Amino acid sequence: MRFPTPLLQGRLIRRYKRFLADVLLDGVEVTAHVPNSGSMIGLDIPGSAVWLSRSDNPNRKLAYTLELVEAATPWGEGLVGVNTGHPNALVAAAIAAGTIPELAGYDRLRREVKYGRNSRIDVLLEDDPAKPGARPPTYVEVKNVHLRRPDGPHADAAEFPDCVTARGAKHLQEMAAMVAQGCRAVMLYLVQRGDCSHFRTAADLDPAYHDGLRRALDSGVEALCWSCAITPESIELDRPLPIRL
């Protein structure tokens, strides 16, 4: 995914009310939308270099959107994507291109399809049922990952979630229910950074989600994780990461 217009580099002044950030941009303080409901641990440090996109839509309340944050680690500095609106499209494009082998070759890909208890699946993959060897419908739930804690329990791991997520726990239950109905269900964790060696759940931050994922995997739900290559010009799926629970 290439950003449609060049991103603008600034310095973070503060993030507040979850969805707002004040940024110093070319010497002028602007307020940007933060499309991320998580805690953004380590990514909301005042003074951090950030990149914003700008919209010319006159109906938008805020013209600027926070897209990337430069994170400092013991291994250097790297860009981290914080816009949770991108992963679904990134994954759908990668599946369509055959980049993810475990999800390749389906006849149809649909997005935001209703299922479960008043939920929508991010990606639904289907084969023509009349085709020999047709596979069952595959439900793909995409989770945005950007947490890495160099001083945490697993210094080089990408972790999810970065705060308690009751909604995420509900999704695990619904995915397990789809497996019980004879479908295939896949949790896909998309890491919007490129400096992690593997994926783990942040069990100390949300033990209920950690336990819920274990139960879901035991029931037949699958899990995949991919990291991204990120530049101020684009975000692309880069490589699969092993999952360690």
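This passage walks through the aromatic pairs, the charged groups over rings and the nonpolar cores of a predicted model.

A good place to start is the annotated region. The UniProt record, an unreviewed entry, lists residues 86-233 as "domain: Sugar fermentation stimulation protein C-terminal". Across residues 86-233, helix accounts for 25% of the chain and strand for 33%, and the C-alpha atoms at the two ends are 14 Å apart.

Aromatic rings come next. A pair of such rings is described by the distance of the centres and the angle of the planes. The structure contains 4 aromatic pairs. In one of them, F160 and Y189 meet in a tilted arrangement, with 5.7 Å from centre to centre and 55 degrees between the planes. F160 belongs to strand β10 (residues 157-160) and Y189 to strand β11 (residues 184-191), so this pair ties together parts that are 29 residues apart in sequence. Both F160 and Y189 are buried.

F160 also pairs with Y209, this time edge-to-face, at 5.2 Å centre to centre and with 75 degrees between the planes. Here the link runs between distant parts of the chain, from F160 in strand β10 to Y209 in helix α3 (residues 207-218), 49 residues apart. F160 has a relative accessible area of 11%, which is under 20%, and therefore counts as buried. Y209 is buried as well, with a relative accessibility of 0%. Taken together, ring pairs join F160, Y189, F199 and Y209 into a cluster.

Charged side chains meet rings elsewhere. R14 lies over the face of Y16, 3.8 Å from the ring centre. Likewise, the charged end of R135 sits over the ring of Y106, at 3.7 Å from the centre of that ring.

The nonpolar interior can be followed in a similar way. The largest nonpolar core has 27 residues, and L68, I100, L103, V140, L188 and L190 have the most contacts inside this core. Several elements each supply at least two of its residues, including β4 (49-54), β8 (119-126), β9 (138-145) and β13 (222-230). Helix α1 gives the largest share, 5 residues. Domain 1 (8-81) and domain 2 (86-240) each provide at least three residues of this core. Leaving aside residues up to four places away in sequence, I100 touches A94, I95, L188, L224, W226 and L237. Apart from this core lies another, of 26 residues, with L124, A158, L213 and V221 among them.

Definitions and conventions. Residues are numbered from 1 along each chain as its sequence is written. This is a predicted model: local features need pLDDT of at least 70, side-chain atom pairs count only at pLDDT 80 or more; totals for chains, interfaces and linings use all residues. Side-chain values use heavy atoms; hydrogens and water are left out. Rings of Phe, Tyr and Trp (its six-membered ring) pair if their centres lie within 6.5 Å; planes under 30 degrees apart count as stacked, over 60 as edge-to-face and the rest as tilted. Helices (H or I, at least four residues) and strands (E, at least two) are DSSP runs, numbered from the N terminus. Buried means under 20% relative accessible area, exposed over 50%, partly exposed in between (1.4 Å probe, protein chains only). A charge sits over a ring if NZ of Lys or CZ of Arg is within 6 Å of the ring centre and within 35 degrees of the ring normal. UniProt positions are given in the numbering used here, feature names are shortened, and annotations may be inferred rather than shown by experiment. A nonpolar core is a set of buried Ala, Val, Leu, Ile, Met, Phe, Trp, Tyr and Cys residues joined through side-chain atoms within 4.5 Å. Domain bounds come from an automatic or database domain assignment. Contact means heavy atoms within 4.5 Å.
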